[in-house]
Amino acid sequence: MRRLLIAGNWKMNKDIHETATLINELKERLKDFKNQVDITLCPPFPSLVVAKSLIKDSALKLGAQNMSQHDDGAYTGEVSATMLSSIGCEYVILGHSERRQHFKETDEIVNAKVKKALKSGLTPIVCIGETLEEREAGITDRIITTQIKDVLHELSSSDVEKIIIAYEPVWAIGTGRNATPDQANQVHRLIRKLVGQHYSWRVAEKLIIQYGGSVNPQNAYALLSQPEIDGALVGGASLSSDSFTRIIQAAVEAK
Ligand code: PGA
């Protein structure tokens with residue numbers, strides 16, 4: 001049985017004070033759901049250290065939103081995998097569509113980042129998903145197949161056992177327009193099938209595949225009760241303790 005993972009991607013929101021307020025509220029509200037699903041918060045870099053100390057007596061885990069594919073050195077403005085693991089980060093979101101769109105990240109770069117993250121003991125949450133044009137052109141499956149092949153390039157079965165895939169249709173991110181539970185479930189099934197073919201069914205069965213894109217308290221239950229959907233990567237609705245808690249509650253009820 002796969003354990004659900006709900007991750008809050010705060011994007012470029014919340015300063016250090018707002019981070020503390022939100023985490024303290026979440027700790028209070030999420031007490032009842034302890035250990036029923038995995039929950040990770042992904043605040044911006046400047047908040048990570050404070051966030052780590054605030055979650056220390058709770059079941060909440062910590063993730064970053066990005067990292068460099070390089071080890072260290074002259075990469076002004078970048079943050080490395082070892083820096084993240086040294087402050088107690090357990091997860092890192094890689095290849096988010098906003099990174100791909102605004103910072104020209106390619107599947108090759110994402111693949112290099114995944115390898116570095118694994119080397120430092122971080123669990124990568126690897127984002128893939130088609131654009132609206134691609135969906136309308138009927139090539140979603142082809143795009144997903146290529147992305148899976150490229151982001152997992154040269155990874156072993158034991159590597160793939162340590163990663164999480166987030167299926168985030170680009171047209172659903174921040175638009176209020178989510179994939180229907182059935183649309184999402186179909187793509188998740190394809191991802192699991194591809195991993196089964198490239199690796200093994202045992203690896204595929206264990207793979208956690210999150211859905212992301214306009215998840216909110218209203219649609220979370222329907223999405224998370226799909227058999228292939230193992231969690232959610234939540235953007236906008238993770239910024240308030242009320243909506244994030246309601247999504248966690250939906251997750252607990254869905255499984
Ligand atoms: P959204 O963002 O929930 O605001 O659509 C999801 C994401 O970008 O991870």
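Biologist: How far does a backbone N or O atom of S214 lie from an oxygen atom of the ligand?

Modeller: This is a predicted model, where local features need pLDDT of at least 70, side-chain atom pairs count only at pLDDT 80 or more, and totals for chains, interfaces and linings use all residues. Residues are numbered from 1 along each chain as its sequence is written, and side-chain values use heavy atoms, leaving out hydrogens and water. For S214, the distance from a backbone N or O atom to a ligand oxygen is 2.7 Å.

Biologist: What percentage of the ligand's accessible area does the protein cover?

Modeller: Besides S214, a polar backbone atom of G174 is 2.7 Å from a ligand oxygen, and one of G236 is 2.8 Å from a ligand oxygen. On its own, the ligand has 280 Å² of accessible area (Shrake-Rupley method, 1.4 Å probe). Of this, the protein covers 95%.

Biologist: How many residues of the shell around the ligand are charged?

Modeller: Around the ligand there are 13 residues (a heavy atom within 4 Å), and K11, H96, E168, G174 and S214 come nearest. By class, four are nonpolar and seven are polar. The number of charged residues is two.

Biologist: Which residue's backbone nitrogen does the side chain of S80 reach?

Modeller: S80 is in the loop between strand 3 (61–64) and helix 3 (81–86). S80 is buried (under 20% relative accessible area, 1.4 Å probe, protein chains only), because its value is 5%. Its side chain makes a polar contact (N or O atoms within 3.5 Å, one able to donate a hydrogen and the other to accept it; residues adjacent in sequence count only if both atoms are side-chain atoms) of 3.1 Å with the side chain of T82. The backbone nitrogen that the S80 side chain reaches, at 3.2 Å, belongs to M83.

Biologist: With which side chain does the side chain of N111 make a polar contact?

Modeller: N111 lies in helix 5 (residues 107–119). At 6% relative accessibility, N111 is buried. Leaving aside neighbours within four places in sequence, N111 is in contact (heavy atoms within 4.5 Å) with D150, V151, L152 and H153. Its polar contact of 2.9 Å is with the side chain of K115.

Biologist: How many residues are in the largest nonpolar core?

Modeller: A nonpolar core is a set of buried Ala, Val, Leu, Ile, Met, Phe, Trp, Tyr and Cys residues joined through side-chain atoms within 4.5 Å. In the largest one, I6, L84, I144, I163, I165, I191 and Y211 touch the most other members. Apart from it lies another core of 11 residues, among them A7, I93, I164 and A166. The number of residues in the largest core is 70.

How values were computed:
Ala, Val, Leu, Ile, Met, Phe, Trp, Tyr, Cys and Pro count as nonpolar, Asp, Glu, Lys and Arg as charged, and the others, Gly among them, as polar. Helices (H or I, at least four residues) and strands (E, at least two) are DSSP runs, numbered from the N terminus. Buried means under 20% relative accessible area, exposed over 50%, partly exposed in between (1.4 Å probe, protein chains only).
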